[in-house]
Amino acid sequence: TVSTDLSDASENSTGPVVGNDPAGDAIVAWAVPPVSGNTSKVRASVSLASGSFPLPTQAADIANVVDLDGSPSIVIGATGQAIVTWNNGTGGGATGNQGLSWTSASGFTAPKTLSKENDEDAAPIDTADAFGDDVAAWLSISGNVELTVYDAAPPSLSAPVIPGGAVAGSLVSFSVASPFDI
């Protein structure tokens with residue numbers, strides 16, 4: 001197999017990461033350090049199972065990050081829902097950890113701040129389950145472990161038992177065999 005350039009040759013790219021799902025979709029994300037100033041870009045390129053990666057000039061700028069600390073990370077769940085996270089935690093423009101999601105149907109979402117402190121948190125560590133749910137955890141500047149959950153799949157309620165009728169204003173019992181959600 002011949003290698004393919006994903007990043008633009010006119011840019012200095014660092015820290016590539018890759019994620020793929022069981023269907024064969026793949027996403028590669030990387031950082032582009034600033035030429036001047038302190039704003040880096042997080043770029044990404046997507047290859048759906050039925051295709052190939054686009055030309056380097058077609059890679060998406062998915063975020064502009066002030067004081068990017070390290071490289072982005074990426075996870076893709078079994079359903080194809082991807083989460084890209086990065087640490088924006090140093091310097092005067094610090095906003096802690098940020099991330100966004102991607103699906104083949106809707107593309108990339110706008111970046112969101114994940115940290116509760118706009119501070120110098122450690123970079124997030126991510127994992128995804130078979131339903132596309134993602135958990136990101138990190139150590140905050142204050143020494144606390146923080147986490148955030150992206151709940152891509154709705155709750156699963158199996159074998160509900162619901163009465164056929166009820167009297168208004170009275171209590172009604174119902175049950176669910178095995179409720180599950182992240």
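Two strands count as paired if DSSP finds at least two bridges between them. The model used here is predicted.

**Exercise 1. Survey the chain**

Task: State how many helices and strands the chain has.

Solution:
- Step 1. Count the elements: the chain has 0 helices and 12 strands.
- Step 2. Read along the sequence: the pattern is β-β-β-β-β-β-β-β-β-β-β-β.
- Step 3. Turn to burial: 34% of the 182 residues are buried.
- Step 4. Turn to the surface: the chain exposes about 10,000 Å². Carbon and sulfur atoms supply 56% of that area.

**Exercise 2. Lay out a sheet**

Task: Find which strands stand at the edges of the open sheet of 3 strands.

Solution:
- Step 1. Write the order: β10-β11-β12, with antiparallel pairing.
- Step 2. Look for strands with a single partner: β10 (125–128) and β12 (145–150) each have one, so one side of each lacks a neighbour in the sheet. These two are the edges.
- Step 3. Add the twist: it averages 15° from one strand to the next.
- Step 4. Check one pairing: 6 bridges join β11 (residues 134–139) to β12, and the two run antiparallel.
- Step 5. Pick out a residue pair: V135 stands opposite V149 in β12.

**Exercise 3. Place one residue**

Task: Decide whether S101 is buried or exposed.

Solution:
- Step 1. Locate S101: strand β7, residues 96–103, holds this residue.
- Step 2. Apply the cut-off: buried means under 20% relative accessible area. S101 has 7%, so S101 is buried.
- Step 3. List contacts, leaving out residues up to four places away in sequence: S101 touches Q81, A82, I83, G107, F108, T109 and Y150.

Technical notes:
Residues numbered from 1 in each chain as written. Predicted model: local features only at pLDDT ≥ 70, side-chain atom pairs only at ≥ 80, totals over all residues. Heavy atoms only, no water. Helix = DSSP H or I, 4+ residues; strand = E, 2+ residues; numbered from the N terminus. Buried < 20%, exposed > 50% of the residue type's maximum accessible area, 1.4 Å probe, protein only. Contact = heavy atoms within 4.5 Å. Axes fitted to C-alpha atoms, helices over the stretch in contact; angles between N-to-C directions. Areas by Shrake-Rupley, 256 points an atom, 1.4 Å probe, with all protein chains shown as cover.
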